[in-house]
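Biologist: I should like to learn how to read the features of a structure that is new to me. Could we begin with how burial is described?

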Amino acid sequence: IHQSSGTSSDISFNLELIGNPVSTTTGTIGSFTSVMPTAQTQFLVLPSTHTFQMIFKAGSTYTTGGTVPAGHDFTGYVPISGSSTNGYLHINHENSPGGVSNLEVSYNSTSKLWVVNRSQPISFSANSIVKTERNCSGAITPWGTTLTCEETRNTGDANGDGYIDTGWILEIDPVTKQVKQYGNGIQEKLWAMGRMQHENAVVASDKRTVYYGEDATDGCVYKFVANSAENLSTGTLYVLKLNGGLSSGEPTSSTGSWVQVPNTTKSDRNNTYTLAVSLNATQFNGVEDVEIG
């Protein structure tokens, strides 16, 4: 759960909760013995039904490729062949420059602990990528890749390709551990999805529609509809305009419309946020997470 009163980069460790849920009539993943609420402290408080395991720590050493950075944020598990005990774990690092860690993990049913079989950083050194910054939240796609989102509006075009280097979404294949290519022979950021101060993204079951927002005091909420399933490199971009506006930061209406944002030229894509505001998009104070419910 992300709260607007703090930043997710304040968290410098990752937790894996293990244990059996308390038997209830609902049987949901959230069924556990609760704890008494207290003021926020530096301590982790867990119900008696659960324990935790630290599996990945800033400052430790990758099995391949150097030292693990701090700034842990989004953590996403991609199963191998549908397995809940064998897969890939991607972890964002909200730093400048940013980063993403790729872990190959498996669950030991005897010790009831997760094992990191391999770990390494994703490389963003390709000239077409340049770098990433403030890799904040992200998403797991229905086709088994991860999206990592840059929470920045910083400018600069170090490789002279006409695209501002940072402020985009990137798609990573956990198997190849590479940023994806989309038929142009180079690794590319998802330019058509627009440049902004991204927080997370969520992909609908149609494998074409993606919703995302900006973690900024004046950020917007967007919808992207890809031209074809499982390919987010081309499509139509929209921004949300509520009918009633906001009062004290809260919507005054539950209805609105999606306004199309130009996203065909490099200039369009570099200036997504400015274009959205010019189209009278609703500006929210810190969109920390967008999910489909």
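Modeller: A residue counts as buried when its relative accessible area is under 20%, as exposed when it is over 50%, and as partly exposed in between. Trp-114, with a relative accessible area of 14%, is therefore buried. Please keep in mind that this is a predicted model.

Biologist: Which residue forms an aromatic pair with Trp-114, and at what angle between the planes?

Modeller: In general, two aromatic rings pair if their centres lie within 6.5 Å, and planes over 60 degrees apart count as edge-to-face. Eight aromatic pairs are found in the structure. In one of them, Tyr-77 meets Trp-114 edge-to-face, with 6.0 Å from centre to centre and 70 degrees between the planes. Tyr-77 belongs to strand S3 (residues 72-79) and Trp-114 to strand S6, so that this contact links distant parts of the chain, 37 residues apart. Tyr-77 has a relative accessible area of 27% and is partly exposed. Together with Tyr-107, Tyr-77 and Trp-114 form one aromatic cluster.

Biologist: How does a stacked pair look, and where are Tyr-163 and Trp-191?

Modeller: Planes under 30 degrees apart count as stacked. The planes of Tyr-163 and Trp-191 lie at 0 degrees, with ring centres 4.0 Å apart, so this pair is stacked. Tyr-163 is in the loop between S8 and S9, whereas Trp-191 is in the loop between strand S10 (178-179) and S11, 28 residues apart. Both Tyr-163 and Trp-191 are buried.

Biologist: How many salt bridges does a search of the whole structure find?

Modeller: A salt bridge requires a side-chain nitrogen of Lys or Arg within 4 Å of a carboxyl oxygen of Asp or Glu. The search finds eight salt bridges. One of them joins Glu-94 and Arg-134, at 2.5 Å from N to O. Glu-94 sits in the loop between strand S4 (86-93) and strand S5 (99-108), and Arg-134 in the loop between strand S6 (113-121) and strand S7 (135-140), 40 residues apart.

Biologist: Is Glu-94 buried or exposed?

Modeller: Glu-94 is buried, at 6% relative accessibility. Arg-134, in turn, is partly exposed at 26%.

Biologist: Which residues are linked with Arg-153 in a network of salt bridges?

Modeller: The network links Arg-153 with Glu-214 and Asp-218. Between Arg-153 and Asp-218, the closest N and O atoms are 3.2 Å apart. Arg-153 is in the loop between strand S8 (146-150) and strand S9 (169-173), and Asp-218 in the loop between strand S12 (209-214) and strand S13 (221-228), so the salt bridge ties together parts 65 residues apart in sequence. Arg-153 also lies over the face of Tyr-273, 3.7 Å from the ring centre. A further case of a charge over a ring is Lys-223, whose charged end is 5.1 Å from the ring centre of Tyr-238.

Biologist: How many disulfides are there?

Modeller: Two cysteine sulfur atoms must be within 2.5 Å to count as a disulfide. The count is zero. For Cys-136, the nearest cysteine sulfur is that of Cys-149, 7.9 Å away. Cys-136 is buried at 0% relative accessibility, and Cys-220 is buried with a relative accessible area of 0%.

Biologist: Finally, which residues make a nonpolar surface patch?

Modeller: Val-35, Phe-43 and Val-45 make a nonpolar patch of about 290 Å². Phe-43 is located in the loop between strand S1 (13-18) and strand S2 (51-57). At 59% relative accessibility, Phe-43 counts as exposed.

Methods. Residues are numbered from 1 along each chain as its sequence is written. This is a predicted model: local features need pLDDT of at least 70, side-chain atom pairs count only at pLDDT 80 or more; totals for chains, interfaces and linings use all residues. Side-chain values use heavy atoms; hydrogens and water are left out. Helices (H or I, at least four residues) and strands (E, at least two) are DSSP runs, numbered from the N terminus. Buried means under 20% relative accessible area, exposed over 50%, partly exposed in between (1.4 Å probe, protein chains only). Patches are made of residues with over 30% relative accessible area and no salt bridge: like charges are joined within 9 Å, nonpolar side chains (Val, Leu, Ile, Met, Phe, Trp, Tyr) within 5 Å. Accessible areas come from the Shrake-Rupley method with a 1.4 Å probe; for residues, only the protein chains shown count as cover. A charge sits over a ring if NZ of Lys or CZ of Arg is within 6 Å of the ring centre and within 35 degrees of the ring normal.
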